[in-house]
Amino acid sequence: MKSFLLFCGLLLSATTGYALEPQKITDNIYALVGPKEQRSANNLANNATFGVIITDEGVVLVDPGGSWNGARQIDEEIQKVTKQPVKYVINSGGQDHRWLGNGYWKSKGAKIIASSAAVEDHKNRENDQLIALERFLGESLKGTTPSYADQTFDSEFELKIGGEIIKVLHFGQAHTPGDSLVFMPEKEIIFSGDIIYVERILGVGSQSNAKSWISVFEQLAALKPKVIVPGHGHVTTLEAATQQTYNYLTNLREKIGEHLENGGDMIGSVNVDQSQFSHLEQFEALAKRNAQQVFSEMEWE
């Protein structure tokens, strides 16, 4: 594990105009990096980063893709590096790209794993997610139907396959109520799902909890990973993840706290200073919305 440099450039997929970008971490572990933009017919709701763990007993996929066609695109990329079938798919959270590709993988015989909280979130938000995806993807959404996990767990699940030990850990609500990380302790690698974003600003939505998210990050950091495959962005380090995710959350709560102490309201919350993170992609689209959401959380703490 000397480096996690790109092992190839962008590869055009037969499924879509947008190419997933593979990053090789070890000889048998890869990240597939999707775009950091909004969902579209061009990216098939694969606007996220996915993980691939190859063993001699099959492949473990971290997150299935955001649609049937998105899952097929991921499958095409996996087939470029191995002939092993995907045996397990881990849903790391509740966003569409973390679970709505499940149906494709089940049709190919894979077993789906997710936290109980994530499955509850899937059921609670599936209609809203499908309505939004129909608007974003149009005909490219064809074939996508909700399909839930075969194996659920409350806080921890351990998978042993092909000599690899893979732990799936749910520490609490972060970007979504059921967010989990995938930890390979012997290799010191974490697939964080939406607990960590790099290169683009994270989104704090009505399904999120910024205070709990900070606690979840701290528990992740205590595992001391050497390599992190984030939910969005390229393979990274704990130091960079701390700067771009943890520090963003703590700064936003600090600024909103000061705003509340000074008698500020929700309308004014959008003006709290987030400028030190303005270099992150999607800042203009999300920073003010994040501030209002954190204000609504902290107002009643």
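In the next few minutes I will go through some strand pairings, the largest nonpolar core and a few ring contacts in this structure, which is a predicted model.

Let me begin with strand β4, residues 58-62, where five of the five residues are buried, so the strand counts as mostly covered under a cut-off of under 20% relative accessible area. On one side of the pairing scheme we have strand β3, residues 49-55, which pairs with β4 in the antiparallel sense over five bridges. These two strands make a hairpin with two residues between them, and if you would like one bridge to look for on the screen, T55 has G58 in β4 as its partner.

Strand β4 also pairs with strand β5, residues 86-91, this time in the parallel sense and over four bridges. To get from β4 to β5 the chain passes through helix α1, residues 68-79, and the resulting β-α-β crossover is right-handed. A bridge to look for here is the one between V59 and its partner in β5, V86.

Now to the core. As a general point, nonpolar side chains in soluble globular proteins tend to be buried together. In this model the largest nonpolar core has 36 residues, and those that touch the most other members are I195, I196, W213, L220 and I256. At least two residues of this core come from each of β10 (181-184), β11 (189-197), α4 (210-221), α5 (238-261) and α7 (283-298).

What is I195 in contact with, once its neighbours within four places in sequence are left aside? The partners include A174, L181, W213, V216, F217 and L220, and they also include D179, S180 and T245.

W213 brings me to the aromatic residues, for which a search of the whole structure finds seven pairs. One of them joins Y197 and W213 in a tilted arrangement, with 6.4 Å from centre to centre and 55° between the planes. This pair links distant parts of the chain, since Y197 belongs to strand β11 and W213 to helix α4, 16 residues apart. Both Y197 and W213 are buried.

Elsewhere, W68, Y104 and W105 are linked by ring pairs into a cluster.

I will finish with two places where a charged side chain lies over a ring. K123 lies over the face of Y148, at 5.1 Å from the ring centre, while R135 lies over the face of F136, at 4.8 Å from the ring centre.

Methods. Residues numbered from 1 in each chain as written. Predicted model: local features only at pLDDT ≥ 70, side-chain atom pairs only at ≥ 80, totals over all residues. Heavy atoms only, no water. Buried < 20%, exposed > 50% of the residue type's maximum accessible area, 1.4 Å probe, protein only. Pairing = 2+ DSSP bridges. Right-handed = clockwise from strand over helix to strand, strands pointing away. Core = buried A, V, L, I, M, F, W, Y, C linked by side-chain atoms within 4.5 Å. Contact = heavy atoms within 4.5 Å. Phe/Tyr/Trp six-rings, centres within 6.5 Å; stacked < 30°, edge-to-face > 60°. Lys NZ or Arg CZ within 6 Å of the ring centre and 35° of its normal.
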